[in-house]
Amino acid sequence: MTRIALCQLPVSPDPAANLKRATEALARAQGADLAIFPEATLTRFGRSVSDLAEPLEGPFVTGLAAAAREHGVAVIAGVFEPAEGRVHNTAVAIDASGAVVAAYRKIHLFDSFGFRESELVAPGSEPTVVELAGLRIGLLTCYDIRFPELARALVDRGADLFAVIAAWGSGPLKEDHWITLVRARALENTMWTAAVGQAPNPSESGDGFGIGRSMLVDPLGVVRADLGSGPAVQVVEVDPEATASARAALPCLEHRVL
């Protein structure tokens with residue numbers, strides 16, 4: 001069993017406030033091997049991301065790494081890195097010793113529903129699987145969940161769990177889209193999927209990013225935990241035997257033709 005803390009936090013425009021929330025969440029994630037935080041945990045989306053983006057050696061990731069080391073918990077969290085006039089929307093992976101072991105730059109940018117992420121964010125290009133807490137974890141960020149070919153590429157790279165981080169936008173049917181897509185990626189790949197989104201933060205921003213609904217979904221698409229809409233930290237368990245059992249009953253990965 002691997003114990004994962006789903007850390008559904010509200011995100012402020014202020015990186016220092018967000019680092020404080022994240023370190024407090026790690027202190028609450030007792031017994032977890034891995035803590036997963038939302039996309040853009042560094043700061044909220046907006047024009048200010050260009051000014052607030054930090055290299056991975058900057059104070060936010062350094063502070064998060066120190067907290068990971070203090071509590072002996074691996075961490076995945078969303079940050080923004082400078083990128084030649086724009087930024088990268090990055091999922092950074094930190095092991096339990098506090099070492100940065102991977103950085104996935106979001107490939108699919110959210111130029112949809114009237115929003116143009118590509119004006120601020122430069123796309124990445126490389127699907128990323130990282131070894132953390134005894135698992136090979138495939139990293140996806142928010143809009144990536146709408147692209148099943150990326151999830152399948154992570155399977156082909158040996159992932160045995162998807163970690164999806166998000167700042168999902170609110171709006172008609174958007175919450176339903178999130179739940180459906182997370183369950184679909186889990187079921188079609190018979191893959192444990194830990195999906196963590198921002199909690200709403202209307203007191204600090206009216207941008208509509210963050211619906212909560214962080215969840216753990218098992219390899220048959222069953223929601224094992226759902227955090228609802230408010231701030232929460234919940235420790236859940238991932239059982240590799242459930243993956244083996246699901247794939248024995250539903251060997252769809254073996255049946256692939258294309």
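**Loops and cores in a predicted model**

Q: In this predicted model, which loop holds Ala40?
A: Ala40 follows strand β2 (34-36) and precedes helix α2 (49-52). Its place is the loop between β2 and α2.

Q: Is Ala40 buried or exposed?
A: Buried means under 20% relative accessible area. Ala40 has 0% relative accessibility, so Ala40 counts as buried.

Q: What is phi of Ala40?
A: Most residues other than glycine have a negative phi. Ala40 is not glycine, yet its phi is positive, near 55 degrees.

Q: Where does Thr190 lie, and what is its phi?
A: Thr190 is in the loop between α5 (174-188) and β9 (192-197). Thr190 counts as buried, at 0% relative accessibility. Its phi is positive in a residue other than glycine, near 40 degrees.

Q: Which backbone atom does the side chain of Ser12 reach?
A: Ser12 sits in the loop between β1 (2-8) and α1 (15-28). Ser12 is buried, with a relative accessible area of 4%. Not counting residues up to four places away in sequence, Ser12 touches residues including Thr43, Arg44 and Asn201. At 2.9 Å, its side chain reaches the backbone nitrogen of Asp14.

Q: Which strand gives the largest share of the largest nonpolar core?
A: The largest nonpolar core has 52 residues, and Ile4 and Trp178 are among those with the most contacts inside it. The largest share of this core is six residues, and it comes from strand β8 (residues 161-166).

Q: How many residues are in the second, separate core?
A: This core includes Phe45, Phe60, Ala68 and Leu120. Its size is 37 residues.

Conventions. Residues numbered from 1 in each chain as written. Predicted model: local features only at pLDDT ≥ 70, side-chain atom pairs only at ≥ 80, totals over all residues. Heavy atoms only, no water. Core = buried A, V, L, I, M, F, W, Y, C linked by side-chain atoms within 4.5 Å. Buried < 20%, exposed > 50% of the residue type's maximum accessible area, 1.4 Å probe, protein only. Helix = DSSP H or I, 4+ residues; strand = E, 2+ residues; numbered from the N terminus. Polar contact = N/O pair within 3.5 Å; in protein donor to acceptor, adjacent residues only side chain to side chain. Contact = heavy atoms within 4.5 Å.
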